[in-house]
Amino acid sequence: MMGKRIVGLVAVLVLAFSAVTMAAGANQINRDDHVLQYNEIALGGIMVGMKRAQVEAIYGAPTERTEPAKSAALDEMMDRYTYGTSFQVTFVGDTVMYINTSAHNGIATPAGVTVGDPADKITRTYGKPQRYTRYESGEESFVYRDPYDIHIGFSVEKGRITRIGIVGYE
């Protein structure tokens, strides 16, 4: 059961931030190869590639933890730590692979962008995204990457950031 939830979470993250969509709406891809630096893609001091012990040294024991389960997609054990109700860190093996936050909880990117900030702060801070999607519902998605194909995505509704997620492929 937990394995299905983790696989489901991974699928949702990939779909949400890949912005490859069949839904009608505007989907723009930045072809100027604008990329962020590796150290710009973090949430609350956590980066893809960090080890579990490093996360625990920063945040301590999680509020909730899923049981490790084998991911069919990655053929490795995965589990997720949740801090509070809205900050999640997903591990593949012992390594951080996915990070997301969905509430105004003080968790920020290194540049200080947080959930609840106005949408224009994204482009003022990071420039033109690699991929931008505006859905029929009015929701928007801004996706950036670094040279190692680690992606940070921002979901926006009604002009405000509602979710920040990082997906790693190291």
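How much area does the chain expose, and what share of it do carbon and sulfur atoms supply? The exposed area comes to about 8,500 Å², with 53% supplied by carbon and sulfur atoms; accessible areas were computed by the Shrake-Rupley method with a 1.4 Å probe, and for residues only the protein chains shown count as cover. The model is a predicted one, in which local features need pLDDT of at least 70 and side-chain atom pairs count only at pLDDT 80 or more, while totals for chains, interfaces and linings use all residues. Residues are numbered from 1 along each chain as its sequence is written, and side-chain values use heavy atoms, with hydrogens and water left out.

The chain holds 3 helices and 10 strands, taken as DSSP runs (helices H or I, at least four residues; strands E, at least two) and numbered from the N terminus. Their order along the sequence is α-β-α-β-β-β-β-β-α-β-β-β-β. Of the 170 residues, 45% are buried, that is, under 20% relative accessible area with a 1.4 Å probe, protein chains only. Contacts (heavy atoms within 4.5 Å) between residues at least 6 apart in sequence join residues at least 24 apart in 52% of cases.

Strand E10 (residues 160-167) is a good place to look at pairing, which requires at least two bridges found by DSSP between two strands. On one hand, E10 runs antiparallel to strand E6 (residues 95-101), with 4 bridges joining them; here tyrosine 98 stands opposite valine 167. On the other, 7 bridges link E10 to strand E9 (residues 151-157), again in the antiparallel sense, and serine 155 has arginine 163 as its bridge partner. E9 and E10 form a hairpin with 2 residues between them, and lysine 158 in the turn has a positive phi of about 50°.

Notes:
Buried < 20%, exposed > 50% of the residue type's maximum accessible area, 1.4 Å probe, protein only.
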